[in-house]
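Trainee: I would like to go through this model step by step. Where do we begin?

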Amino acid sequence: MTEVTVIGAGVIGLSAALMAQARGLTVTVVDREGPAAGASAGNAGAFAFTDILPLASPGILKKAPKWLLDPLGPLTIPPAYALQIAPWLFRFWRACSPRAVAASTAAQTAMMDLSRTELEPFLAATGTLGMLRKNGNLQVYETEAEFRASLPGWEARNAHGIEFQHMVAEDMAAVQPGLSPRFIKGTFTPGWWSIADPKLYVQALADQFRAAGGRIVIAEVTGLTPQAGKVSIHTKSETMTADKVVLAAGAFSHRIAATLGERIPLETERGYNTTLPPGALDLRCQVTFGGHGFVVSPLSTGIRVGGAVELGGLSLPPNFKRSEAMLGKAKAFLPALQTEGGRQWMGFRPSLPDSLPAIGRSKASPNVVNAFGHGHLGLTQSAGTARIVADLLTDLTPPVDLTPFNPQRF
Ligand SMILES: Cc1cc2nc3c(=O)[nH]c(=O)nc-3n(C[C@H](O)[C@H](O)[C@H](O)COP(=O)(O)OP(=O)(O)OC[C@H]3O[C@@H](n4cnc5c(N)ncnc54)[C@H](O)[C@@H]3O)c2cc1C
């Protein structure tokens, strides 16, 4: 029986572990803290299947200079990290050419289609279908100019068959009452789904994995060594062996990949939020304030306000003034929001410069499968990624072309 060790008990690692287990493989998951310790716990809970346009795009290059002027705005580079992030930013800038954007949009669309197709059967198989919500997303705009600037993106989505509806304020009030009148237009996407609560979801996946015989070991992995058709997994306390390894340690994965000689330019886009008690607002769907870089999400456990990108690496302490700034704006945009009693959080999005994940075999060993770097879309693409990983582990051909996701593409 093939023995597989998955490194990382986030949404990617556990989804892959469950799909591998369903194929009859013997699976162990190793995480330094346990299930849902990383970005998968505190995210906005969206299955953003309609979000096929890469972040690396000319639109972001236009907005970035203005955003960077506000130290608590949607995009920040702390001076202490500016030099380290420079090579990643250069690659990001190169990924913004029209040709690169067309290629990454096509790749992202294939990944989204696969992820949506795989999601409901996966939720059903893992007993988590009751956590799925299909209540859509409302993106809102403050000016005609902002709305017009969004239109090429909507045309691109239209070309890929994505449904949406542009709205004036009156229609928006029917979708989400209580929006500030400063928002004059909006776009509703019904194909944007969400999970009741991302942390509870990952914990439920862990429970299901254990119930089906899976083992979750708490240990910090320090490196991997391929050895005679197997892989040695070094942790701080011991060395384990498996036939195959899946590397799904989120924003920390490149450090482990480096022990195999792989140089993968993974960085983190740090994101912030505040989760308010469930009664804080009568929120009917997720609302995106794109011009301000944050979303307000209805979860079973509360109202989550957050987003933003801070290119600050893995070591700098969090700056929760960013959570406060977004909460202040949310109050201005949804005046009925009760802002007391919130819980602040910061998470590390694992991001590659071309906005696509790294999914595929390691160049050092065909027995190591990389599955990380999903950036803003790890929950969204978790079921699709798990399907691909399970195919690679069982020597089947995955249903999407993996060339754009090749971990060695940089
Ligand atoms: C503010 C914010 C909002 C977001 N909103 C959304 C959203 O709405 N929809 C969406 O699709 N995505 C969203 N994302 C992105 C999403 O959260 C991530 O892409 C996703 O969680 C990544 O999952 P992962 O399993 O790769 O990583 P993680 O969840 O970070 O898991 C990695 C795991 O690896 C473990 N680990 C790390 N190093 C080691 C080691 N050396 N040894 C052992 N274990 C190790 C960690 O403990 C952790 O449990 C958001 C992110 C943020 C920050």
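Mentor: We begin with a definition: Ala, Val, Leu, Ile, Met, Phe, Trp, Tyr, Cys and Pro count as nonpolar, Asp, Glu, Lys and Arg as charged, and the others, Gly among them, as polar. This is a predicted model, in which local features need pLDDT of at least 70 and side-chain atom pairs count only at pLDDT 80 or more, while totals for chains, interfaces and linings use all residues. Residues are numbered from 1 along each chain as its sequence is written, and side-chain values use heavy atoms, with hydrogens and water left out.

Trainee: How many nonpolar residues does the shell around the ligand have?

Mentor: A residue is near the ligand if one of its heavy atoms lies within 4 Å of it. The ligand is surrounded by 33 residues. By class, 4 of the shell residues are charged, 13 are polar, and the nonpolar ones number 16.

Trainee: Which residue has a backbone N or O atom 2.8 Å from a nitrogen atom of the ligand?

Mentor: A polar contact is a pair of N or O atoms within 3.5 Å. The side chain of asparagine 43 has an N or O atom 3.1 Å from a ligand oxygen, and a backbone N or O atom of glycine 45 is 3.4 Å from a ligand oxygen. The 2.8 Å distance to a ligand nitrogen belongs to the backbone of alanine 46.

Trainee: Which element gives the most to the shell around the ligand?

Mentor: Helices (H or I, at least four residues) and strands (E, at least two) are DSSP runs, numbered from the N terminus. Two or more shell residues come from each of helix 1 (11-22), helix 2 (39-42) and strand 19 (343-351). With 4 residues, the most is given by strand 19.

Trainee: Which strands stand at the edges of the open sheet with the order 11-12-13?

Mentor: Two strands pair if DSSP finds at least two bridges between them. The sheet has 3 strands with antiparallel pairing, and 4 bridges join strand 12 (residues 230-235) to strand 13. Each edge strand has a single partner, so one side of it is left without a neighbour in the sheet; these are strand 11 (221-227) and strand 13 (239-242).

Trainee: Are the rings of tryptophan 88 and phenylalanine 92 stacked or edge-to-face?

Mentor: Rings of Phe, Tyr and Trp (its six-membered ring) pair if their centres lie within 6.5 Å; planes under 30 degrees apart count as stacked, over 60 as edge-to-face and the rest as tilted. By this rule there are 13 aromatic pairs. The centres of tryptophan 88 and phenylalanine 92 are 5.5 Å apart and their planes are at 25°, so the pair is stacked.

Terms used
Polar contact = N/O pair within 3.5 Å; in protein donor to acceptor, adjacent residues only side chain to side chain.
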